[in-house]
Amino acid sequence: MDAEEIRRNFPALGRQVYGRQLVYFDNAATAQRPRSVIDEWTRITEQCNANIHRAVHLMSEEATAAYEAAREAVRKFINAGSREEIVFTSGTTASINLVAFSFGEAFVSEGDEVIVTECEHHSDIVPWQMMCQRKGAVLKVLKVDDSGHLMINSLDGLITDRTKIMAVTHISNVLGLVNPVKEIVKKCHGKGVPVLVDGAQGIVHLKVDVQELDCDFYAFSGHKIYAAPGTGVLYGKKEWLDRMPPYMGGGEMVGTVRFSGTTYAPLPLKFEAGTQNFAGAATLKPALEFAASIMDDAEIVRSFDAVRDYLLDTLLADSRIRLYGVPENAGEKIPLFSFSMDGVHHEDLALILDKMGIAVRSGQMCAEPLMDRFGVTGMLRVSLAPYNTMQESEYFVKCLDKAAGMLS
Amino acid sequence: MFDEWLDKYEYLIELGKNLGDYPEDRKTEDRLIKGCQSRVWLDYRMEDGKIVFSADSDAIITKGIISLLIKIYSGRRPDEIVSSDFSVVDRIGLKENLSPTRANGLVSMIAKIKEVAAENL
């Protein structure tokens, strides 16, 4: 397969904007959906639209089967030990909020500590802040250096006997560098501290094996990896999930309900209160199958790496550009580039690029602490998916130069 | 189609570049217009019962847009501004030039101009 063959599976990529062929470079915000995902959503909605896990009629059984098949696809994709460890949520944010709340209720008390890093997006900061406020706990921050690398050597000094959990992103949505998550898990486990990994970007670009990483929780969204929006996953080790109270109550998350008291359903349903987004969740199966087929295709991986290398080299060589997240070797960088350009505002660049047909992101990228760290009010970000081509990248570089010329 | 956009933006960029100096010490939190992706400051003084606006932004296209609004509304009496339906903004095609985020910025700019006028009625 090559990028052109992949593109044919994505209807949205064929569209025009302002009379030009769309160049979609905002994949870190959300990916486009392949035909197989759209078809599965349509199939569930047209053929088996019935609530899952409760009725005995055929449509409900079919919808339940599709939902549970997606759970198995997720389990396999991240190599989790059992389906009980795969909880469906509405996205990364919901997954992290679930852990921050339920883990906090069970294990965090006044004076305890939680560690996050400076390169987290708001979804992996605010839930922990809220939990710390509720519990009277303290939030500590592992910093990044000027190149965007986590200052891993200072981690040992941050962990104390009051540290209850650490949260770290697998890959920052601003810096695009693969964090040494396995090493962090090892350090934390050495002191009895569990680790949540925010995999919103990581799941898209890396082959994730939760057993090999040995992380305690892994959170990601469906929509960034080609599935329907409003879908997400929380992987949690059974030993933790079993000991955490439910996040929300209601629906099929119960064992028995009496006014005198309620017992809860076994995992994973304990954490899936209310009617689930079953049509959306079912699309995780074709989405992850698609993602796996791309990750396993050496030809695609090679040409996609070449696109990344071209953009990395070009941006680094341009003296007007300051790139945030400079890798020591290309292999630790995903094709995601956030940068500033001398004397030119990121928003102006994004507006003009949009009119040239190129969709990019500008602003704070839901990561204000990182903007403060680098002393900027925002950045311009281009983030690619395997359906993006070398030709598109060359066009982007040309347009960026033209836009900068107009503005300075 | 693109060339049309390019022309419009080049005009806004030109307007932005030609907007008069805005003192650094007036770039304060209370003069900042909320709801724009870039930072926009709006200041004013009263002259013979008329409002004279000045503004700045760290993004040049936004600066062009606020410059255009100032061209229209500066030097008018507060009651004139308050009673204006701001349809001129639609007529010159500003709104459709802007994505929703940006349109929000425009709406915020207009709201701020109206607010200043209402305070000085």
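I take two strands to pair if DSSP finds at least two bridges between them, and I take helices (H or I, at least four residues) and strands (E, at least two) as DSSP runs numbered from the N terminus. The model is predicted, so I noted that local features need pLDDT of at least 70 and side-chain atom pairs count only at pLDDT 80 or more, whereas totals for chains, interfaces and linings use all residues. Residues are numbered from 1 along each chain as its sequence is written, and chains are lettered from A and ligands numbered from 1 in the order in which they are written.

**Entry 1: the sheet of chain A**

I looked up the strand order and found an open sheet of seven strands, S4-S10-S9-S8-S7-S5-S6 in chain A, with mixed pairing. Its edge strands are S4 (86-89) and S6, each of which pairs on one side only. Taking axes as lines fitted to C-alpha atoms (for helices over the stretch in contact) and angles from 0 to 180 degrees between N-to-C directions, I noted that neighbouring strands are turned by 20° against each other on average, direction ignored. Helix H4 (residues 92-107) of chain A packs on this sheet, touching S4, S7, S8 (195-198), S9 (217-221) and S10 (232-236), and its direction makes about 35° with that of S10(A). For contact I use C-beta atoms, placed from the backbone, that lie within 7 Å.

**Entry 2: strand S5 and its partners**

Which strands flank S5(A) in the sheet order? They are S7 and S6. With S6(A) (residues 138-142), S5(A) pairs in the parallel sense over five bridges, and there A:Val141 is the bridge partner of A:Val116, while A:Lys140 stands opposite A:Ile115. With S7(A) (residues 163-169), the pairing is again in the parallel sense, over three bridges, and A:Met166 is the bridge partner of A:Ile115.

I then checked burial, counting a residue as buried if 20 or more other C-beta atoms (placed from the backbone) lie within 10 Å of its own, exposed if 12 or fewer, and partly exposed in between. Five of the five residues of S5(A) (113-117) are buried; A:Glu113, A:Ile115 and A:Thr117 point one way, and A:Val114 and A:Val116 the other. S5(A), helix H5(A) (residues 126-135) and S6(A) make a right-handed β-α-β unit, that is, with the strands pointing away from the viewer, the path from the first strand over the helix to the second runs clockwise.

**Entry 3: helix H7**

Helix H7(A) (residues 181-190) lies across S7 and S8 of chain A and runs at about 165° to S8(A). Its residues A:Val181, A:Ile184, A:Val185 and A:Cys188 are buried. Why do the buried residues line one face of the helix? Seen down the axis of H7(A), they fall within an arc of 100°, so they line one face, the arc being that of the directions from the helix axis to the C-beta atoms. These buried residues pack against H6, S7, S8 and H9 (210-213) of chain A, whereas A:Glu183 and A:Gly190, on the other side of H7(A), are exposed. After the helix comes A:Gly192, whose phi is positive, near 75°.

**Entry 4: A:Asp146**

A:Asp146 is found in the loop between S6 and H6 (155-158) of chain A. I asked whether A:Asp146 is buried or exposed: it counts as exposed because it has 9 C-beta neighbours inside 10 Å. Its C-alpha atom is separated by 8.2 Å from that of A:Tyr324, 178 residues apart along the chain.

Key. Contact = placed C-beta atoms within 7 Å.
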